[in-house]
Amino acid sequence: PSSLSISQALPSDGRDGALYLRWRLPAALAEQRTSALNQRLEPLAREAGQAGVRLELSLHGEHCLLTLSGRHHAFAAVLEQAIRCLDEPQAAPAHTSHATLMPLHHLARLLARHCRPMAPPSDGDLHSLWREARRDGLAVALPASVLTAISAILGSAPGIPDSQLDTPPSLMGEQRWSTVANASGEHALLLFCPAPTQDLADEAAWRALAQLCHSAFYQRLRVELQLGYGVFCGLRPFNGQLGIVFGVQSPHTPVAGILAHIEAFLAQLPSRIAALDDAALHQQLQDVAGHYDTRAMTLPITADLLWHARLAGHGPHYLGQLQTAILALDRHSLLAAARRLNERVGGWRCLASGQSPGAPWQTVAV
């Protein structure tokens with residue numbers, strides 16, 4: 001009845017576990033309302049931390065994700081109070097301001113809700129939205145006694161149990177650009193490049209490409225070109241869609257120039273792959289596969305991987321299958337993946353502090 005999936009990837013005889021509960025609301029929440037809900041949970045999150053439980057609420061549009069990780073003996077008590085906080089009569093919307101955030105951090109906060117079509121924000125009764133929401137979740141490394149207590153709480157929790165997964169969003173090869181104003185006067189750009197499909201072969205290739213790009217991107221744009229102090233590259237999953245994110249914040253280079261430097265870096269990626277000797281390439285793939293060995297990962301990282309794998313539609317043996325797919329890569333498949341990345345086969349999504357450079361970019365309102 002709780003629509004709670006139970007992962008068998010990790011043993012349940014330890015002290016720690018993780019719980020993911022998601023509500024898919026019938027309408028999106030305005031940013032002021034999401035801020036009010038987070039503020040409402042802050043005192044409980046501090047108390048939970050004292051009991052060894054990390055409590056997080058993530059709201060992006062119509063998706064609300066409540067995450068508990070840490071000492072599972074306190075999960076039921078924390079969950080019961082968290083649901084009560086969320087389901088209380090609607091609080092007054094909080095005033096939100098991003099003036100103190102670095103422009104690049106502001107863009108990163110916005111990216112998740114712009115990676116899929118989103119319903120217009122609702123000003124309707126929040127209590128009713130909770131009652132009409134579809135609810136699902138995932139339990140990782142939780143013993144039977146904790147699962148029983150959680151199921152009892154979820155029996156009276158708001159939302160309609162529904163374990164049917166949504167189809168992961170796709171840009172279908174499109175290039176979408178959104179301009180986000182900032183008051184700092186600095187230029188910032190965040191580029192999200194999704195894998196072409198949710199297939200494990202594509203995911204494995206994208207994870208390997210991200211590893212190859214990580215240090216080289218920083219070296220080129222931060223050290224050699226000195227574009228600015230905010231430069232990063234890494235993998236990010238959004239609602240079942242995995243992609244590589246490139247971010248740059250610069251005090252002097254406009255966003256058109258930042259984008260041109262990123263495109264030039266990606267155009268050189270096939271040459272970087274071709275230049276690796278066989279031993280170095282083999283070691284790179286071994287290193288990437290080793291990142292997903294449960295013996296080397298912390299429980300929160302493993303649980304997060306399992307949650308996003310579930311959203312992408314992967315089965316219970318995902319981690320082992322992912323390692324196998326990574327080790328099956330070779331120079332030819334990596335070069336093919338780099339070519340598809342440059343050809344925008346999976347689409348590109350850009351959030352920036354400046355205007356779109358024009359076609360083939362499609363301007364999308366924030």
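These legends go with a set of views of one protein chain, and the model shown is a predicted one.

**Figure 1. The whole chain, with its twelve helices and 14 strands.**
Start with the overall picture before zooming in. The radius of gyration is 21 Å, close to the 21 Å that the globule rule gives for 366 residues, so the chain is as compact as a globular protein of that length. If you follow the C-alpha trace along its principal axes, it spans about 55 × 45 × 35 Å. Buried residues account for 51% of the 366 residues. Take the contacts between residues at least 6 apart in sequence: 82% of them join residues at least 24 apart.

**Figure 2. How sure the predictor is, and a stretch to treat with care at residues 92–99.**
Averaged over the protein chain, pLDDT comes to 90, and 93% of the residues score at least 70. Over residues 92–99, though, pLDDT stays under 50. For that stretch the model has 13 contacts beyond four places in sequence.

**Figure 3. Helix H7, residues 255–267, seen as a helix with a buried side.**
Does the length of H7 agree or disagree with its 13 residues? At 1.5 Å a residue, H7 should span 18 Å, and its end C-alpha atoms are 18 Å apart, which agrees. Now pick out the buried residues of H7: Val-255, Ile-258, Leu-259, Ile-262, Phe-265 and Leu-266. They cover an arc of only 120° around the axis, which puts them on the same side of H7. The spacing makes sense once you know that an α-helix has 3.6 residues a turn, so residues three or four places apart point the same way.

**Figure 4. Asn-342 in helix H12, and what it touches.**
Helix H12 covers residues 331–342, and Asn-342 is part of it. With a relative accessibility of 19%, Asn-342 counts as buried, because the cut-off is under 20%. Beyond four places in sequence, Asn-342 touches Glu-263, Leu-266, Ala-267 and Pro-270. Look closely at Ala-267: its backbone nitrogen lies 3.4 Å from a polar atom of the Asn-342 side chain.

**Figure 5. Ala-352 in strand E13, with no accessible area left over.**
You'll find Ala-352 in strand E13, which covers residues 348–352. Is Ala-352 buried or exposed? Its relative accessible area is 0%, so Ala-352 is buried. Not counting residues up to four places away in sequence, Ala-352 touches Leu-107, Trp-177, Ser-178, Thr-179, Val-180, Ala-188, Leu-189 and Val-255. Val-255 is one of the buried residues of H7 that you met in Figure 3. Zoom out to find His-72, which is 280 residues from Ala-352 in sequence and 41 Å from it in space, C-alpha to C-alpha.

**Figure 6. Gln-175 in strand E9, and its contacts.**
Strand E9 runs over residues 175–179, and Gln-175 belongs to it. Gln-175 has a relative accessibility of 10%, so it counts as buried. Which residues is Gln-175 in contact with, leaving aside its neighbours within four places in sequence? They are Arg-344, Trp-348, Pro-360, Trp-361 and Gln-362.

**Figure 7. His-60 in strand E4, shown together with Arg-109.**
His-60 lies in strand E4, which is made up of residues 53–60. Its relative accessible area is 24%, so His-60 is partly exposed. His-60 and Arg-109 are 49 residues apart along the chain, and their C-alpha atoms are separated by 9.3 Å.

Key:
Residues numbered from 1 in each chain as written. Predicted model: local features only at pLDDT ≥ 70, side-chain atom pairs only at ≥ 80, totals over all residues. Heavy atoms only, no water. Helix = DSSP H or I, 4+ residues; strand = E, 2+ residues; numbered from the N terminus. Buried < 20%, exposed > 50% of the residue type's maximum accessible area, 1.4 Å probe, protein only. Polar contact = N/O pair within 3.5 Å; in protein donor to acceptor, adjacent residues only side chain to side chain. Contact = heavy atoms within 4.5 Å. pLDDT = per-residue confidence, 0-100. Expected span 1.5 Å × (residues − 1). Arc of directions from axis to C-beta. Rg over C-alpha atoms; globule rule 2.2 N^0.38 Å.
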